[in-house]
Structures are given as structure tokens and as C-alpha cells.
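Biologist: I am new to reading structures like this one. Please choose a single part and take me through it closely, explaining each term as you go.

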Amino acid sequence: MLSYIVKRILALIPVLAVVAIVVFSLVHLTPGDPASVMLGPNATSDQVEALRSEMGLDRPLVVQFFAWLGGALTGDLGYSHFMGAAVTSVLMEHLGPTLSLAILAEVVALIIAIPAGIIAARRRGTAVDQGFMAFSLLGISVPSFLLGLFLMLIFAGWLGWLPVAGYRGLEEGLGTHLRYLILPALALGAMQAALTARMTRSSMLDVFRAGYMKTALAKGVSERSRVYKHGLKNASFPILTVVGQSIGTLIAGAAVVETVFNIPGIGQLIVNSVERRDFMVIQGVVLMITVSYMLINLLVDILYGFLDPRVRLS
Amino acid sequence: MTKPAHTTPQHPEPEAGLTRETTGTSGPAGGSSAAQPGSTVGLERLSMRQLVFRRVTSNGLIMTGGIIVVIIVLLTTFGPMVISRGPLELNIQDRLQGPSGDYLLGTDNYGRDLLSRVLHGARVSLFVGFAVAILSTVIGYIIGMYSAYFRWADAILMRICDGFMAFPAILLAIALMAVLGAKTSNVVIALTVVFTPYVARVVRSSALVVKEQTFVEALRAQGASSNRIIWLNMAPNVVSPAIIQATFIFADSIITEAALSFLGAGVPPPAPSWGNILLDGKTLIFNNPWMTIVPGAAIILTVLGINLLGDGLRDLFDPHTGKAVRKGGGRK
């Protein structure tokens with residue numbers, strides 16, 4: 001088990017190196033001088049020079065890279081002039097709403113997807129199955145921000161059941177918190193629900209074909225116990241992988257959905273930073289989300305190894 | 001982000017096998033009508049074409065998706081020629097109107113004709129999607145083939161691809177647009193960078209299987225050069241998974257371009273694209289929902305059509321792949 005974990009972590013290192021180089025290069029890809037682009041056309045050459053030396057742009061690239069990497073490893077992602085604060089603290093301020101939204105979206109997705117996938121698998125080939133699969137194809141084809149706009153139009157505009165936009169923190173009560181978050185979570189979770197439902201269906205179908213299912217049937221195990229205890233338990237590994245992979249997608253996807261619903265999270269932060277060309281914040285957000293996405297996948301892999309010995313032996 | 005479907009490469013097409021059978025059975029028949037050998041050849045060709053035709057037309061996914069895509073391409077090509085108003089033409093006195101005889105789909109906040117904007121926007125969206133699909137497939141093909149053939153290239157190129165694929169697609173696209181600046185050509189560049197690794201991965205995994213086949217060994221024993229083996233002999237066997245992947249990238253690029261433009265980091269106004277019409281419509285969603293519904297429906301229909309086509313092509317090329325395995329690309 002230990003060697004499996006070590007192997008997974010070692011495999012991550014080259015990928016992390018590429019990620020670090022790409023994120024670092026972002027600033028240097030700008031046509032022209034990053035400092036003058038950031039300060040805009042009205043900046044004096046003194047101001048540009050000051051920012052250049054503060055960002056370390058006057059030093060050799062290699063030195064800059066290792067200085068930046070060293071900072072990033074110790075949690076220092078630089079300083080944002082526009083926000084007047086360290087990038088790390090800006091990130092932390094905006095993290096709450098995004099995490100709330102991503103988690104709720106995942107919950108919504110699982111509540112829809114698992115039963116839908118199981119039902120579709122049990123009634124394979126019937127109209128019910130085809131209906132579910134057609135619906136999931138639709139779910140994959142509708143981008144979340146568009147679904148968000150449509151949901152807003154229907155439930156907040158025409159029906160008036162839910163607030164149009166905005167965000168209320170948990171401190172204002174769970175009910176209020178959820179009322180504001182449910183539409184964005186639905187919008188964000190729909191695609192995930194579609195993908196998870198497809199995966200649930202196919203891995204349930206694989207399990208149904210297994211010999212032990214026939215044995216269970218022959219033993220006279222009840223239908224419910226066969227589907228849930230024998231079936232779902234064995235089908236849960238691929239589903240778990242999809243869920244693990246989805247966390248990063250959901251956090252990144254939250255960026256777009258937050259803009260639709262005016263939620264002050266990481267997404268809004270990055271969109272505003274793009275407008276302001278605040279490269280330090282963009283770098284920080286991209287690095288943090290990507291690395292946490294990778295770490296979550298690592299955790300899922302390790303969990304996978306714990307649950308299923310076949311994985312760590314192969 | 002889910003990983004793209006790994007499709008196994010093509011073995012000699014089933015059509016070929018069927019044709020051979022047809023030739024076999026027509027052998028004795030051909031003997032009786034030996035006076036017209038040309039007709040036998042004609043018959044054989046016809047039957048092969050018919051077979052392909054039948055396989056395509058009996059595939060509901062390809063037909064439905066294909067019809068949707070053809071309709072959209074026709075509308076995009078000829079629509080703007082028929083519409084008299086330009087997408088940038090301002091009629092302030094007619095602003096925010098609903099559909100009427102004068103403006104079939106109503107007007108936006110500057111009194112611009114929404115139908116004209118959506119049709120012209122379609123050109124931008126489809127251009128971006130098509131350009132990204134072609135570019136990322138070509139570059140991904142090259143990377144994938146060399147990775148599969150040379151071990152040293154594999155070690156380097158695939159680590160780089162893994163690194164790029166570690167980023168959530170939309171996030172990398174936003175970051176690249178932030179540094180490159182909002183411009184249509186930059187959208188194509190950014191999305192090509194984002195999607196190329198997915199093609200490379202699929203091409204590589206298919207090419208690895210082809211590489212193990214005897215004919216590659218035979219060619220190597222005959223002293224064929226590596227490039228010859230890669231491009232003349234291996235590459236044609238990997239075409240179909242690459243085409244399938246390209247189809248899904250086409251759909252994903254349209255979605256991602258719309259998302260970028262919606263965030264103000266894609267196609268810059270006033271030129272219309274589906275995403276920036278949605279951006280204009282967002283603040284006016286309750287005053288004029290048409291500005292949201294029309295481009296939104298255009299995106300959904302186009303992406304659905306392309307996805308159906310892709311699913312159908314995959315079934316056609318490789319009937320063994322489970323339908324449930326499908327790429328998730330840069331889904332938002």
C-alpha cells in the first residue's frame with residue numbers, strides 16, 4: 001500500500017512541474033511588457049519601472065521562476081496592486097462562496113444521477129432508459145452558464161419563487177443560504193449529473209453481468225439487496241472516480257456560473273482580474289485550483305487503492 | 001474533467017470484408033455472364049457504396065445530428081445574405097422590441113436586429129469551433145503519432161500533455177485570454193492549446209495498438225524509415241478515433257468560446273458572437289428575454305447536433321465501445 005501511495009505521488013511530480021512552468025509563463029506570454037500592460041496606458045515610466053522591479057521582472061527568467069516557485073510552495077503568491085492585498089489572502093476571502101457552490105452542485109448532481117443511472121440500468125433498453133439517456137445527452141450539451149440564465153429566467157423571473165441573484169453566507173441561516181444557492185447549484189450540477197448518470201448506468205450494467213449476481217439470484221437474495229448491496233457497492237468505484245474528477249471541473253465551472261448569479265467567489269475574482277489584467281491574481285487562482293484539483297484526484301486514487309486491492313497491484 | 005474516450009483503432013473496415021464476400025458469391029454468377037465483366041465490377045462498387053450508405057442512413061444518431069448540423073450550416077451560410085439589416089445597424093428608436101413582422105426575433109438594447117446578430121454570430125462561433133477542431137487535431141495527431149512511435153518522445157510529450165490536461169479547460173482558456181487579450185484569433189489559439197492534448201492522448205493510445213501489429217514489424221525489418229512507417233502506414237489506421245475526438249472538440253470549442261465571450265474575455269464587441277449577445281442580454285434578461293433565449297437555443301441546438309453526430313460516428317467506426325464512455329472535455 002505504501003509503495004502504491006509513493007508511486008502515485010512520484011507520478012504527480014512531473015505533472016506539477018509542467019503546471020508550474022505554464023502558470024509562471026502566463027505573465028510572460030503577454031505581448032509587450034507585463035508591468036506596463038498591468039498599469040495601463042496612463043502610467044509614467046517611473047511607475048512601470050517600480051512595478052517591474054517589485055515583480056522581479058528585471059531579473060533573469062530562471063531566477064524569477066525559482067523565486068516565484070519558492071514563494072508558491074510556502075503559500076506566498078505575490079501581491080495584488082489592484083486589491084491592495086496579498087494574493088493568498090484575496091483568494092481565501094473569495095473561496096467560501098465557491099466551495100459552498102461546488103459542494104452543493106456535487107450533492108445535487110449525485111441526488112439526480114445515482115437513482116437515474118440505477119433505474120436506467122435496471123430497465124435497460126426500455127423507453128425509460130432511452131428517456132434518461134436522451135436527457136443526459138441534453139445535460140451534456142447545455143453549458144452551465146446558459147442553463148443558469150434559463151433557470152434564472154424561469155424560477156426567479158416568471159415564477160418568482162427564488163431570488164434572482166446574489167449570495168447570502170451561511171451566517172444568515174442555512175435556509176437563506178440555500179435559497180440563494182440552489183439555482184446556481186442546479187445549473188452547475190446538471191452537466192455533472194449527466195456524466196455521473198451515464199457512468200452509474202454503465203458500471204451497474206457491467207456489474208449485472210458478473211457471475212456473483214447470478215449466484216445471488218440463485219441464492220434467492222431479494223431484488224433490492226441484489227441491486228443495492230451487491231450491485232451498487234461494486235459499481236461504486238468508477239462512480240467515485242468520476243466524482244473525484246468532477247471537483248476541479250466544478251470549481252472551475254463555478255467561475256462562469258458565479259458571473260451569471262453575481263456570487264462573490266473565485267470565479268468573479270478571476271473575471272474581474274481578467275478585466276483589470278491583474279496577472280498576479282490570475283496566476284494565483286489558476287495555480288491554486290489546478291493544484292487542489294490534482295491533490296483531490298490523488299486522494300481519490302489512494303482511496304481507490306485502499307478499497308480495491310486490484311488497483312494497487314496492477 | 002473526465003478523460004476522453006479511448007477508442008481502439010480500426011481493423012480493416014467491415015465493409016471491405018463484406019465486399020469480399022460479395023465478390024466471392026458473384027464469382028460463379030460472373031462466369032455465366034462472362035461477356036460483360038464490366039457489369040460485375042459496377043455491381044460490386046454499387047453494393048459497397050450501398051452498404052456504406054445503408055450503414056450511415058440506418059444510424060439514427062448520425063442522421064439526426066447530421067440533419068441538425070446541415071440546417072445550421074445552411075442557415076449560417078445563406079441566412080446573413082437574406083437578412084437585409086446588418087448585425088451592427090443601430091435603430092435606437094426600436095430598441096428592446098419583441099418579435100414582430102419587422103424584426104422577426106426582436107431587437108437588442110441598441111435597436112440592433114437580433115436575428116441578424118444571431119446569424120452573423122453563428123459564423124463567428126462556427127468558425128472558432130471549426131478552426132480549433134482542425135488545428136488541435138492536426139497538432140495532436142503529430143504529437144500523438146511521435147509519442148506512440150518513439151519512447152523518448154513519449155516520455156517528454158506525454159508529461160507535457162498531462163500537465164496541460166491537469167488544468168480545468170475553462171480556467172486555462174480564461175487565463176490564456178487574459179494574457180493574450182480579447183480577440184477572435186486569440187480565442188482560436190487559446191482553445192487550440194487547451195484541446196490539443198486530448199487529441200494527442202487518443203491518437204497515441206490508438207497508435208500504440210497499431211504499432212504492435214505485425215505489418216509494422218515487417219516494415220521495420222524491410223528497413224522502412226520511421227517517418228514512412230508513422231505517416232504512410234500507421235497514421236491511416238488512427239484516423240477514425242481522431243475524427244471522433246475532433247467532433248467532440250468542435251462542440252466543446254463552441255461552448256467554451258460562448259463562455260469566454262460571455263465573461264468578456266472572448267470575441268470583443270461590437271462584432272456579434274453567441275456568447276457576447278448573451279452577455280448583452282444578461283442585464284436585460286427580464287426586459288427582453290429573447291436576447292437570452294435565441295442565442296442560447298442556437299448554442300444548445302448546435303452542440304446537441306454535433307454531439308449526436310460524434311456519438312453516431314463512434315458507433316459506426318467502433319461498435320464495441322460502450323456508449324456510456326464519452327469524453328467530458330472542458331465542460332463548464
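Modeller: Here is a close look at chain B, its meeting with chain A, and the core that follows from there.

This is a predicted model, in which local features need pLDDT of at least 70 and side-chain atom pairs count only at pLDDT 80 or more, while totals for chains, interfaces and linings use all residues. Residues are numbered from 1 along each chain as its sequence is written, and chains are lettered from A and ligands numbered from 1 in the order in which they are written.

Let's start with the make-up of chain B. It has 12 helices and 0 strands; both are DSSP runs numbered from the N terminus, a helix being H or I over at least four residues and a strand E over at least two. Read from the N terminus, the order of elements is α-α-α-α-α-α-α-α-α-α-α-α. Chain B has 332 residues, and 48% of them are buried. A buried residue has 20 or more other C-beta atoms within 10 Å of its own, an exposed one has 12 or fewer, and a partly exposed one falls in between, with C-beta atoms placed from the backbone. Among the contacts in chain B with a separation of 6 or more, 72% join residues 24 or more positions apart. Two residues are in contact here if their C-beta atoms, placed from the backbone, lie within 7 Å.

One helix pair is a good place to pause. The axes of α3(B), residues 60-82, and α12(B) come within 7 Å and cross at roughly 140 degrees. The crossing is left-handed. Residues making this contact include B:G65 and B:G66 of α3(B) and B:G305 and B:G312 of α12(B). By class, the contact has 12 nonpolar, 6 polar and 2 charged residues. (Axes are lines fitted to C-alpha atoms, for helices over the stretch in contact, and angles run from 0 to 180 degrees between N-to-C directions. Left-handed says that the near helix is turned anticlockwise from the far one by less than a right angle, and right-handed that it is turned clockwise. Ala, Val, Leu, Ile, Met, Phe, Trp, Tyr, Cys and Pro count as nonpolar, Asp, Glu, Lys and Arg as charged, and the others, Gly among them, as polar.)

Now turn to the partner chain. The contact between the chains takes 44 residues from chain B and 49 residues from chain A. On the chain B side, α5 (151-166), α6 (169-180), α10 (239-262), α11 (274-282) and α12 (290-317) each supply at least two residues. Helix α6(B) gives the most, with 8 residues. By class, this side of chain B has 30 nonpolar, 8 polar and 6 charged residues.

B:I174 touches residues of both chains: A:A255, A:I270 and A:V274, along with B:L260, B:L263 and B:A265, leaving out residues up to four places away in sequence. In the largest nonpolar core, which has 167 residues, B:A173, B:I174 and B:M177 touch the most other members. Domain 1 (2-88) and domain 2 (95-313) of chain A both give residues to this core, so it lies between them. (Such a core is a set of buried Ala, Val, Leu, Ile, Met, Phe, Trp, Tyr and Cys residues joined through C-beta atoms within 7 Å, and domain bounds come from an automatic or database domain assignment.) The C-alpha centres of these two domains of chain A lie 32 Å apart. Their contact takes 22 residues from domain 1 and 18 residues from domain 2.
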